[in-house]
Amino acid sequence: MSTAESTRPATGRAGSQSTREAARRRERSHKTLIYTLLSIGLLVMLAPFGWMALSAFKTTEDLTASPPVWIPTEWTLQHFRDLLNVLDVPLHFLNSTFVAVCVTAGNLLFCSMLGYALAKLNFFGKRPIFGLVLGALMVPMNLMLIPKFVLMSQFGLLDSYAALILPFAAGAFGVFLMRQFISSVPDELLDAARVDGANEWFIYWRIVLPLVKPAMATLAIFTFMGSWNNFLWPLIVTNDPDKYTLPVALATFAIDPTKSEGSNGMLMAGAFLVVLPILLVFIVLQRYFTQGIATAGLK
Amino acid sequence: MARTTSVSPDDASSGQPPEIDDAATATGPPRRRGRRARLGTQHLAGWLFSTPFLALFGTFMAFPIVASLVMSFTDFGLRNVTDPLSTEFVGLENYTELFGDETFRRALFNTAYFVVVGVPLTIGLGLVAAVLLNSSIDRFRTFFRVGFYTPVVTSIVAVAVVWRFVLDPGDGLISGVAAEFGWTTPDFLSSSTLAMPSLIAMAVWRNLGFPMVLFLAGLQSIPSEVREASRIDGAGAVQEFRKITVPLLRPTMLYVAVITTIGYLNVFEEPFVMTGGGPADSTLTTSLYMYREGFDFFHMGYASAMAYTLFVIVLAITLLQLRFLRDKTT
Amino acid sequence: MSGSARTFAIVCALPALALVLTACGSDSSDEVAADDEQTLTVWAMGEEGQRLQEVADEFNEEFPNVTIDVTPVGWDQAHQKLVAAAAGGELPDVAQMGSTMMGEFIELDVLEPIDTSTFSQDDFFPAAWENNVVDDEVYAVPWYVDTRVLYYRTDLADEAGATHPPATWDELKELAVAYQEQAGTQYGISLPAGGEGAWQSLLPFLYSAGGSLVDDDGNATLDTPEATKALEEYASYFDEGLSNTSVQPGQTVEQDFGSGDAPMFISGPWMVNNISEALPELDGKWAAVPLPADEASVSWVGGASLVTFTDSQHKAAAQEFISFLTSPEKQADWYEVSRSLPANMAAWDDPRLAEDPQLNAFEEQLSTAGDVPAMSQWNEFAHELDVAIEQMANGGADPTTTASELQAAAEPLTE
């Protein structure tokens with residue numbers, strides 16, 4: 001390990017009792033420092049989320065108070081009740097979930113496949129394909145809205161789940177991500193399998209994918225979030241309120257230029273509901289960042 | 001042999017000996033030629049693995065991309081939405097007009113400012129957060145991770161409300177704290193010099209969870225044996241970070257740098273909700289200007305020309321990054 | 001391993017399969033008569049979108065053969081959704097259209113002109129009707145209206161020594177100064193110093209000074225003496241420190257109104273509800289009054305109209321539905337439900353409106369108000385106004401120079 005060898009040799013390797021204790025003490029103060037840093041960071045990072053969550057339970061008076069009130073003087077579920085009254089929240093929730101799960105599944109599969117090909121296979125056309133993927137990342141997609149809509153209407157896919165899922169089922173973002181992570185899987189493993197007669201699908205499915213679980217988890221988090229928060233496109237391709245995803249349904253009434261800050265309560269309650277599932281997905285998937293799977297294959 | 005022409009873009013150097021060292025393992029696919037040559041190329045498998053993505057991409061993305069490219073050479077306006085056949089080709093007129101457009105130059109400058117300051121800060125802080133969260137703590141780890149990630153998922157509406165409160169010159173958080181010490185604070189968002197730095201601070205805060213997650217995932221590809229070895233050798237935390245973590249995170253770093261740069265070059269939401277591009281266009285970014293021209297004023301041809309000019313700039317920067325970040329590893 | 005090979009095959013086939021699932025809609029252009037069995041698709045924005053279905057059910061009692069299908073659309077996205085729908089030929093049968101969107105959609109050539117023998121100009125507030133007319137063709141029926149009036153804090157006005165609401169520009173300025181000097185408020189009045197929509201507060205000054213945005217031929221008139229005077233008056237509030245020069249998008253005026261930091265502002269009828277909901281403690285301490293006059297007290301009319309589209313196959317039923325919504329009784333009902341002010345003047349005789357004292361200021365203002373001309377490039381035109389305001393309020397630009405620059409920028413937009 002060339003990089004490790006170049007580090008300075010340790011001074012107190014002869015390790016007496018006292019030096020070991022000193023080291024432990026140093027480590028403890030080290031930890032306190034890290035916890036302090038992280039806690040300060042956390043406070044700064046959490047503030048708006050906290051604001052949003054607290055605001056969802058505030059009364060209208062608290063919401064418009066000046067200077068702003070952080071902790072509600074009186075907790076209320078009114079905004080959530082209002083929300084449930086005007087919207088079929090469970091339906092829109094299901095729509096969003098279905099779309100997000102399909103999009104995530106599509107990305108995990110299609111992007112890792114192409115990512116594997118780009119990282120580990122040698123084939124004619126690989127370079128242009130990678131160029132295409134990179135290029136697609138850079139095109140400002142917002143501008144494609146109208147041509148994309150016309151295309152969908154030509155396909156007769158308006159107001160369908162297909163219109164919400166298919167254009168996002170394989171993103172360039174995911175291909176690039178998977179390619180980068182799969183690149184770091186040692187070739188020896190794959191070559192050994194090939195020598196043993198494994199086909200490429202087997203190598204991809206049984207060897208590569210298990211090794212890049214942290215990357216898959218990352219991609220899942222990002223695509224789930226992207227799909228869940230996707231707004232402009234679902235808004236434009238769906239007219240049937242039964243097909244509305246949660247953010248689209250919320251926007252039909254929440255954003256009204258003639259409404260006061262007071263209506264922020266429902267807005268915040270809605271935003272809070274929208275964010276919760278993403279955080280849940282994050283909490284579930286983040287454990288893959290700690291398992292140290294990559295080391296398992298390195299022998 | 002075909003393989004010599006079908007290498008990945010960052011595999012420019014050829015003729016490397018088939019030796020494999022650990023540092024290179026983490027740097028991506030280059031220098032693998034020796035072994036692969038023995039096992040031959042995989043044209044069929046390569047294409048089979050590419051087909052699903054390419055089919056979806058070709059169906060849903062290719063047409064819109066080509067359509068808007070064509071649009072950039074036309075005078076496509078509001079009326080052409082329902083009557084596209086009456087659109088007229090104007091050649092490079094949109095592009096030449098762009099270069100004389102002072103507002104566009106202003107927007108490009110603002111975007112560059114945003115990227116040059118914002119990207120290193122975002123990546124740097126994201127990396128620090130990831131390293132601290134990855135190994136040094138054992139308690140509340142999930143809690144901290146979720147906490148640092150919440151800005152990425154929190155609705156921009158809520159983010160805007162809170163940041164306006166933070167920056168408010170009257171009864172805002174910063175002015176309130178400063179007042180305790182007897183200091184006065186400027187009106188951040190109304191000052192054409194301070195508005196952009198304020199937006200950058202907000203963007204860094206909002207986005208650093210993104211590189212953090214990627215780095216957390218990337219840190220897993222560093223074998224723990226390597227870390228232990230360096231620790232036994234007595235390397236301190238800083239040394240370990242510099243000599244082990246950073247080099248081995250290079251593929252992740254490359255990815256994060258490219259994606260963050262692309263994202264920041266297209267920055268839209270922060271100025272859109274906080275300043276609307278003002279004061280006096282000091283926070284007008286290319287994307288915001290494009291949105292205004294394209295969707296508010298419906299100069300689709302002009303906006304498309306802007307989009308492809310931006311595209312070329314992004315492409316150039318990305319290629320530079322790919323080259324620059326790879327070269328450092330050799 | 002044959003299992004994984006099969007998975008592979010399925011995975012490859014998926015996208016192809018998706019394409020086969022497509023089916024094209026039929027495109028017959030047969031008109032359907034009003035008494036035939038049919039479904040009418042209606043797009044409505046914001047609150048209206050939430051509440052319209054109930055009214056549609058009432059319509060159903062009269063026309064059991066027509067099913068009304070309401071799609072609620074958020075205001076912020078209505079524009080994009082409608083433009084995309086126009087591009088794809090997927091417009092609904094009936095839509096609500098904001099007053100500032102009319103010009104664009106007339107230009108898009110997708111609106112069906114209305115039948116002027118069914119809908120009479122004399123029934124509606126003149127500005128609301130004018131807003132929908134281009135080249136003598138009428139494209140929409142006014143549904144509800146709004147107009148800007150002056151809101152002010154009466155309790156603080158007492159402290160400032162004012163005995164009556166400001167009726168002229170001079171009195172408005174005096175009151176603003178008195179608020180600051182005698183009642184100790186931070187600002188005298190809240191006026192937008194730029195940013196999107198700042199024109200909405202400038203327009204009352206322009207119209208009250210006798211100016212206009214465009215002349216009868218549709219050419220910009222922004223450097224006339226009247227326009228210059230309006231700009232000067234507007235800018236003076238910033239020059240004299242009576243208004244906040246800071247532009248903060250998304251900021252609402254209620255907070256400063258409630259705290260007394262800015263005890264006056266100019267806004268529309270929705271603020272009546274917003275203030276009583278958000279600031280109940282202000283009850284009895286504020287009033288909405290007609291705009292202070294220069295040459296006259298002239299506000300402008302916003303609101304929404306109802307349109308139908310040339311592609312619709314249900315124009316006859318659409319007309320029935322629009323007639324239903326714009327009839328005086330239904331307009332008064334609708335006011336009760338949504339607090340939107342009726343565009344049909346006869347509805348104002350209904351006791352539910354006539355007996356509400358808070359509405360007097362609005363009714364008075366509506367009868368004289370000017371319109372927002374239907375211009376295909378309205379957004380750009382409005383943007384130029386916003387920029388001009390910002391340059392004066394923040395950049396200290398001279399109103400006369402601003403007026404001529406504004407005129408130069410606006411002329412190509414109104415050709």
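**View 1. Strands S3 and S10 of chain C run side by side.** Strand S3 (residues 94-98) of chain C pairs with S10(C) in the antiparallel sense, over five bridges. Pairing here needs at least two bridges found by DSSP between two strands. Helices (H or I, at least four residues) and strands (E, at least two) are DSSP runs, numbered from the N terminus. Look for C:Ala95, which stands opposite C:Val307 in S10(C). What you're looking at is a predicted model, where local features need pLDDT of at least 70, side-chain atom pairs count only at pLDDT 80 or more, and totals for chains, interfaces and linings use all residues. Residues are numbered from 1 along each chain as its sequence is written, while chains are lettered from A and ligands numbered from 1 in the order in which they are written.

**View 2. Six strands of chain C make an open sheet.** Zoom out a little for the strand order, S2-S1-S3-S10-S6-S11 (chain C), with mixed pairing. At the edges sit strand S2 (66-73) and strand S11 (341-342) of chain C, each pairing on one side only. Helix H2 (residues 46-62) of chain C packs on this sheet and touches strand S1 (38-45), S2 and S3 of chain C. The direction of H2 makes about 175° with that of S2(C). H15(C) packs on the sheet too, touching S6, S10 and S11 of chain C, and its direction makes about 120° with that of S6(C). For these angles, axes are lines fitted to C-alpha atoms, for helices over the stretch in contact, and angles run from 0 to 180 degrees between N-to-C directions. Contact itself is a matter of C-beta atoms, placed from the backbone, lying within 7 Å.

**View 3. Three more strands of chain C form an open antiparallel sheet.** Their order is S8-S7-S9 (chain C). Strand S8 (264-267) and strand S9 (286-289) of chain C stand at the edges with a single partner strand each, so one side of each has no neighbour in the sheet. On average, neighbouring strands of this sheet are turned by 20° against each other, direction ignored. Strand S7 (residues 149-153) of chain C pairs with S9(C) in the antiparallel sense over four bridges. Two residue pairs help you find your way: C:Tyr152 has C:Ala287 as its bridge partner in S9(C), and C:Leu150 stands opposite C:Val289.

**View 4. Side chains alternate along S9(C).** Which residues of S9(C) point to one face and are buried? C:Trp286 and C:Ala288 do, while C:Ala287 and C:Val289 point to the other face and are not buried. In a regular strand, side chains alternate between the two faces of the sheet. A residue counts as buried if 20 or more other C-beta atoms lie within 10 Å of its own, as exposed if 12 or fewer do, and as partly exposed in between, with C-beta atoms placed from the backbone.

**View 5. Two domains of chain C meet.** The domain assignment gives domain 1 (38-147 + 301-368) and domain 2 (149-300 + 374-413) of chain C, with bounds that come from an automatic or database domain assignment. Their C-alpha centres lie 28 Å apart. The contact takes 22 residues from domain 1 of chain C and 17 residues from domain 2 of chain C. On the side of domain 1 that touches domain 2, helix H4 (102-107), strand S6 (141-147), strand S10 (301-308) and helix H15 (360-368) of chain C each supply at least two residues. By class, this side of domain 1 has eight nonpolar, nine polar and five charged residues. Ala, Val, Leu, Ile, Met, Phe, Trp, Tyr, Cys and Pro count as nonpolar, Asp, Glu, Lys and Arg as charged, and the others, Gly among them, as polar.

**View 6. A glycine sits in a helix of chain A.** Chain A has 15 helices and zero strands, and 53% of its 299 residues count as buried. A:Gly106 lies in helix H5 (residues 89-120) of chain A. Is A:Gly106 buried or exposed? A:Gly106 is buried, because 25 other C-beta atoms lie within 10 Å. Leaving aside residues up to four places away in sequence, A:Gly106 touches A:Ala169 and A:Ala170.

**View 7. Confidence varies along chain A.** The mean pLDDT of chain A is 80, and 84% of its residues reach 70 or more; pLDDT is the predictor's confidence in each residue, from 0 to 100. Among the elements of chain A, H5(A) has the highest mean pLDDT (93) and helix H1 (residues 2-5) the lowest (38). Over residues 1-14 of chain A, pLDDT stays under 50. Where pLDDT is low, the predicted coordinates should not be read in detail.
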